[in-house]
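Me: I should like to go through this structure by asking what justifies each term applied to it. Please set each value against the definition on which it rests.

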Amino acid sequence: MGKQFIIGPELPNMPWQDRPAGCNDVIWRYERNPVIPRDLIPSSNSIFNSAVVPFENGFAGVFRCDTKSRQMEVHKGLSEDGINWNIDPKRIEFICEDDNIGKFNYAYDPRVCKIEDKYYVTWCNGYHGYPTIGVAYTYDFNEFYQMENAFLPFNRNGVLFPRKIHGKYAMLSRPSDNGHTPFGDIFYSESPDMIHWGHHRHVMSPNKPWESTKIGAGPIPIETTEGWLLFYHGVLTSCNGFVYSFGAALLDIDEPWKVLYRGSNYLLSPQRLYECVGDVPNVTFPTAALCDAPTGRIAIYYGAADTVTCLAFAQVEEIIDFIKSN
Ligand code: BMA
């Protein structure tokens, strides 16, 4: 084993599959993708863009389950191995004292981030019909307490950092519009209390052709010796609509709005049938990552074609090389 790059705990039971023989890609797909079919629970039209974290001796998650009436909901789930999931057939009913905030509208694209003793959930939350960043926390993946929305509409892809930075909570987000936003940069904000957010900083704009329309943060950033490792989705507009791929960048550890390095190519783009055919064709959308610090293994959960949930694998030192040399 070489130099350790990931700063964090070990996770020897994380899902893993070695790179297949003959594959030269930096990231490789799980051969039994998709791991979660669209109809795992009776009510679901699709299960995708979902968040997974280590929990107790296994894993827990918050899943985007769109219903057969095409309502966007989030559901909790548990798994022993991160691959076979028990997802609650009922949506999460957030506990909230303030009806103005807690009135359910729609919820999608959750991320889960453990900070100190709480698991925070952020998601795209319909507030009076407009998308913004909802925030809740849980200790046990049973009861979820909803807090203030982090931002005014319109905003999506709110992604927390896994520890305070200079004593403040930190979050990436992507200001947007009320539709299928044809623009989008990643911004950084911080908060002393997880309620009031400010100190907004621009992080990065769309750059290369594969991400020329918009970009948005994906999984919770991974702390490494080389900076925060951020996987992010990038969208191009083809003659046939949006195409969602994903790539990676390294952000400064102390001032994460500063981009140290950014890969110029995508890491993974919609190429397999399950990524190209579904409710929204040509979408690979990463929303969670598990990693084992001593071995540098990373497992990335991504939604495919807005229909199913998939896994891909990578080695941190190869990702870092890719970002720096690309
Ligand atoms: C975005 C979000 C994502 C979705 C993507 C592609 O605006 O709605 O949930 O995966 O579009 O449809």
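Reply: The model is a predicted one. A suitable place to begin is the open sheet of four antiparallel strands in the order β6-β7-β8-β9.

Me: Why are β6 and β9 said to stand at the edges of that sheet?

Reply: β6 (107-115) and β9 (145-146) each have a single partner strand, so one side of each is left without a neighbour in the sheet.

Me: How do you know that β7 and β8 are paired?

Reply: Pairing requires at least two bridges between two strands. Strand β7 (residues 118-127) and strand β8 (residues 130-138) are joined by nine bridges in the antiparallel sense, and therefore they count as a pair. Within this pairing, T122 has V135 of β8 as its bridge partner.

Me: Which strands make up the open sheet that contains β20, and which of them are edge strands?

Reply: That sheet has four strands with antiparallel pairing, in the order β1-β21-β20-β19. β1 (28-29) and β19 (284-292) are the edge strands, as each pairs on one side only.

Me: What makes β20 and β21 a pair?

Reply: Eight bridges join β20 (residues 297-304) to β21 (residues 308-315), and the two strands run antiparallel. The criterion is at least two bridges, so the pairing is established. Y302 has C310 in β21 as its bridge partner.

Me: What lies across this sheet, and at what angle to β21?

Reply: Helix α3 (residues 316-325) lies across β1, β20 and β21, and runs at about 85 degrees to β21.

Me: What makes β12 and β13 a pair, and what is notable in their hairpin?

Reply: Strands β12 (residues 186-191) and β13 (residues 198-204) run antiparallel and are joined by four bridges. As at least two are required, they therefore qualify as paired. Y188 stands opposite R201 in β13. The hairpin has six residues between the strands, and M194 takes a positive phi near 70 degrees there.

Me: Why is a positive phi worth remarking upon?

Reply: Most residues other than glycine have a negative phi, which is why a positive value is remarked upon. E56 is a further case, with phi near 50 degrees, and E56 lies in the loop between β2 and β3 (58-67).

Me: Where are cis peptide bonds found, and what are their omega values?

Reply: The bond from N33 to P34 is cis, with omega near -5 degrees; P34 belongs to the loop between β1 and β2 (44-55). The bond from P153 to F154 is also cis, with omega near 5 degrees, and F154 is in the loop between β9 and β10 (155-160).

Me: Which residues surround the ligand, and how do they divide by class?

Reply: The ligand is surrounded by N49, R64, Y108, D109, Y244, V280, V283, F285 and D306. By class, this shell comprises five nonpolar, one polar and three charged residues.

Me: How do you know that R64, Y244 and D306 make polar contacts with the ligand?

Reply: The cut-off is 3.5 Å between N or O atoms. An oxygen atom of the ligand is 2.7 Å from a side-chain N or O atom of R64, and one is 3.1 Å from such an atom of Y244. For D306, a polar side-chain atom lies 2.5 Å from a ligand oxygen atom. Each distance is within the limit, so each is a polar contact.

Me: How much of the ligand's accessible area does the protein cover?

Reply: On its own the ligand has 310 Å² of accessible area, and the protein covers 86% of that area.

Note on methods: Residues numbered from 1 in each chain as written. Predicted model: local features only at pLDDT ≥ 70, side-chain atom pairs only at ≥ 80, totals over all residues. Heavy atoms only, no water. Near = heavy atom within 4 Å. Polar contact = N/O pair within 3.5 Å; in protein donor to acceptor, adjacent residues only side chain to side chain. Areas by Shrake-Rupley, 256 points an atom, 1.4 Å probe, with all protein chains shown as cover. Nonpolar A, V, L, I, M, F, W, Y, C, P; charged D, E, K, R; others polar. Contact = heavy atoms within 4.5 Å. Axes fitted to C-alpha atoms, helices over the stretch in contact; angles between N-to-C directions.
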